[in-house]
Amino acid sequence: MDIKNLAKYNNAEKIILVEQLWDTISKNEIEISEDVKAELDTRLQNLQNKQTPLYTWDEVKNYLTKIRK
């Protein structure tokens, strides 16, 4: 695939292009390995069982600020 002159488009036009490309991908055509499916199922189950800690955006920002020092 060769995409030329992408710089000539403004951001709005690029977003429209990305949306059009995304819409051409069928969810049924996306291949996910059994290992990835199992991991996603585990994570979803943990979330539903409240076994996964959840953080607010402020908590995440504070943590990242702290570890960057």
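Good morning. I begin with a definition: a helix here is a DSSP run of H or I that is at least four residues long, and helices are numbered from the N terminus. With that rule in hand, I can place one residue straight away: Lys50 lies in the loop between α2 and α3, and α3 covers residues 57-68.

Please keep in mind that the model on the screen is predicted. The mean pLDDT of the protein is 90, and 97% of its residues reach 70 or more. Confidence is lowest in helix α1, residues 11-23, where the mean is 91. It is highest in helix α2, residues 34-48, where the mean is 96.

Let us start before the first helix. Asn5 is located in the segment before α1. The phi angle of Asn5 is near 60°, a positive value in a residue other than glycine. Is Asn5 buried or exposed? Asn5 counts as exposed, because its relative accessibility is 55% and exposed means over 50%.

Further along, Asn10 is also found in the segment before α1. Which end of α1 does Asn10 cap? Asn10 caps the N-terminal end, where one of its side-chain oxygens lies 3.0 Å from the backbone nitrogen of Ala12. The side chain of Asn10 also reaches the backbone nitrogen of Glu13, at 2.8 Å. With a relative accessible area of 42%, Asn10 is partly exposed. For a sense of distance across the model, take Asn10 and Gln51: they are 41 residues apart in sequence, and their C-alpha atoms are 44 Å apart in space.

Now to helix α1 itself. How far apart are the end C-alpha atoms of α1? They are 18 Å apart, which agrees with the span of 18 Å that 13 residues should have at 1.5 Å a residue. The arithmetic uses one less than the number of residues. Lys14 lies in this helix, and at 28% relative accessibility it counts as partly exposed. The C-alpha atoms of Lys14 and Lys27 are separated by 22 Å, and these two residues are 13 apart along the chain.

After α1 we come to a loop. Ile25 is found in the loop between α1 and α2, and Ile25 is partly exposed, with a relative accessible area of 40%. Ile25 also belongs to a nonpolar surface patch of about 570 Å². The other residues that make this patch are Trp22, Ile30, Ile32, Val36 and Leu40.

The next topic is helix α2. Its 15 residues should span 21 Å at 1.5 Å a residue, and its end C-alpha atoms are indeed 21 Å apart.

How many salt bridges does a search of the whole structure find? The search finds three. I shall take them in turn.

One joins Glu34 and Lys37, whose closest N and O atoms are 3.5 Å apart. These two residues are separated by about one helical turn, because they are three residues apart in helix α2. Glu34 is exposed, with a relative accessible area of 57%, whereas Lys37 is partly exposed, at 38%.

Another brings together the side chains of Arg43 and Glu39, at 2.8 Å from N to O. Why are Arg43 and Glu39 separated by about one helical turn? The reason is that they are four residues apart in helix α2. Arg43 counts as exposed, at 54% relative accessibility, while Glu39 counts as partly exposed, at 38%.

The remaining salt bridge is between the side chains of Asp58 and Lys61, at 3.5 Å from N to O. Both residues lie in helix α3, three residues apart, which is about one turn of the helix. Lys61 is partly exposed, with a relative accessible area of 36%.

Finally, I return to Lys50. Just after α2, Lys50 takes a positive phi of about 60°, although Lys50 is not a glycine. Lys50 is exposed, with a relative accessible area of 75%.

To close, I suggest that you find three places on the screen. Look for Asn10 at the N-terminal end of α1, for the nonpolar patch that includes Trp22 and Leu40, and for Lys50 in the loop between α2 and α3. Thank you for your attention.

How values were computed
Residues numbered from 1 in each chain as written. Predicted model: local features only at pLDDT ≥ 70, side-chain atom pairs only at ≥ 80, totals over all residues. Heavy atoms only, no water. pLDDT = per-residue confidence, 0-100. Patch = residues over 30% accessible without salt bridge, like charges linked within 9 Å, V, L, I, M, F, W, Y side chains within 5 Å. Areas by Shrake-Rupley, 256 points an atom, 1.4 Å probe, with all protein chains shown as cover. Salt bridge = Lys/Arg side-chain N within 4 Å of Asp/Glu carboxyl O. Buried < 20%, exposed > 50% of the residue type's maximum accessible area, 1.4 Å probe, protein only. Polar contact = N/O pair within 3.5 Å; in protein donor to acceptor, adjacent residues only side chain to side chain.
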